[in-house]
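Hi,

Here is the structure I promised to send over. Have a look at it first, and then read on for what turned up.

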Amino acid sequence: MSLATYFVPLAVALTGAFAIEAAASPQRPSLRPGDLAIRAAGYALITLFWFQFSWRPWLAASSCLLTLAILSVVDRLKRRVIGEPVVFSDLALLAQVPRHPQLYYTLPLTDLRIAGPLLLAVSAVVAWYVLEPAALPSGTGASLLAILCLPVALAALALAGLTPLGQRALRRIVPHPDLARDVARYGLVATMMGYALRRLGEDDTRPVPARGEGSPDDEVVVVVQLESFLDPARLGGPDLPAMARIRAQAAQYGRLAVPAHGAYTMRSEHAVLTGLDPESLGFGRYDPYLARKGEEPTSLARLARAAGFETVFVHPFHRDFFDRARVFQRLGFEHLVMEEDFAGTPRIGPYIGDVAVADRILAEVAKGRGSTGGRTFVFSVTMENHGPWKPGRLTGIDEPLAQYLHHVAHTGQAIERLIDGLAGRRATLCVFGDHAPSLPDLRPPESGPMATDYALFRFGRDGSPPPARIDLTAAQLGCVLRDAVTSKR
């Protein structure tokens, strides 16, 4: 085999991949020689990755181009809906797609519109294997050595990126997360590889978040992360009675600056549960649960358990989604109330309704299982307002905003149900939106993710000051809540 057998397809792959990204990206790609070299290295590594499975240069080149085409389409969609490029941690979500296709705006694998193209693709690859000869060295021994050495070499290259020398080199290229800038400079593939290696090479030591002097002992602390919640009046919808009660009765309320727009629930969730800003997480900010899987020694749940609270997590969805069952056990929750515990509960659209979740939260509080005077800490994540927003979701309501306003009215009822259910006890109630809804006409602002709304109630206290509007970040709200689970006993 001549060198041209290998390098002509590689040159086609590098040139074609750059053209695909340049055509699809909303940003003009950098043409600086150093940036182009890093970008080309990313394309070459993808080509070699596919080449190791077939040893067919043109099949590998075509696979590289197909990979870039798929990434570019997903990147364009993600930028439009969420406001950020594709990132390495998104690959960890791929396993969720076939199990929960509706959440990712895709069809099940059994649908002919998906199964058909997949079968055609597999058939094309099989035919390609037959038509293009393998470019292996001559001789059985040399062929076996090449087949073994290439994957070992690729693995060794990845491991080299985790050595002190490799990390120093990567720090010069990507010193800190700046996703949009780095994708424009180095392309999607090289940026994903670089960010993944930087994340794997980071020290997992977490800063200790701020905590005040503590609050008088509560019997109950309830924190509810409301899916895609914000005041619907901000979207042109009707005023919710719950918002009037928030402004009249909450200890404090306001806008909540969250880490993402339209998705990535786990980012806001982690910030509130740990009190840690995304900036303090380094390259782990994109999926805070990916590496540590909930191993957070100072999470709200662990602090609450240390103060004698029974800790309960309520979430009316699959245990495996975001690996939540395992993550929340590690965060310090003793009891998990998940989708199977809502069997027989009517759904509103595709999901369990928010009012039913509020009723279950109050039922858990009523059990009073805590080891110190029946104290209970509940953290809940609702689902009713989750997308996708498309025809058929609700009978007679097809317009996405109208669907959202129908659901968010139930969210308001759930908030009022919780206020009424906890008002007679010495309790803290916090409700907050994890991110803005991913509605087709609600694009992420250029300035960053759209803020949601939050409210903090403190019941059973005499002489409380009037409600105050205090705008916070999700991490700052987490720090405020740390006081509610601090024991003075």
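When I say that two strands pair, I mean that DSSP finds at least two bridges between them. Please also keep in mind that this is a predicted model.

Let's start with strand E2, residues 252–257. How many bridges does E2 share with strand E9, and in which sense do the two pair? There are five, and the pairing with E9 (residues 452–459) is antiparallel. If you want a spot to click on, Leu-256 has Thr-452 as its bridge partner in E9.

E2 also pairs with two short runs further along. Strand E10 (residues 468–469) runs parallel to E2 and is joined to it by two bridges; here Gln-252 is partnered with Ala-468. Strand E11 (residues 472–473) is parallel to E2 as well, again with two bridges, and Ala-257 finds its bridge partner there in Thr-473.

The other thing to look at is helix H13, which spans residues 324–331. Which of its residues are buried? They are Arg-324, Ala-325, Val-327, Phe-328 and Leu-331. These residues lie on the same side of H13, because the arc they cover around the axis is only 165°. As a reminder, an α-helix has 3.6 residues a turn, so residues three or four places apart point the same way.

What does that buried set pack against? The list has three helices, H10 (265–274), H11 (289–292) and H12 (300–306), plus strands E3 (310–314), E4 (335–337) and E7 (376–381). Right after H13 comes Gly-332, with a positive phi near 120°.

Cheers

Conventions: Residues numbered from 1 in each chain as written. Predicted model: local features only at pLDDT ≥ 70, side-chain atom pairs only at ≥ 80, totals over all residues. Heavy atoms only, no water. Buried < 20%, exposed > 50% of the residue type's maximum accessible area, 1.4 Å probe, protein only. Helix = DSSP H or I, 4+ residues; strand = E, 2+ residues; numbered from the N terminus. Arc of directions from axis to C-beta. Contact = heavy atoms within 4.5 Å.
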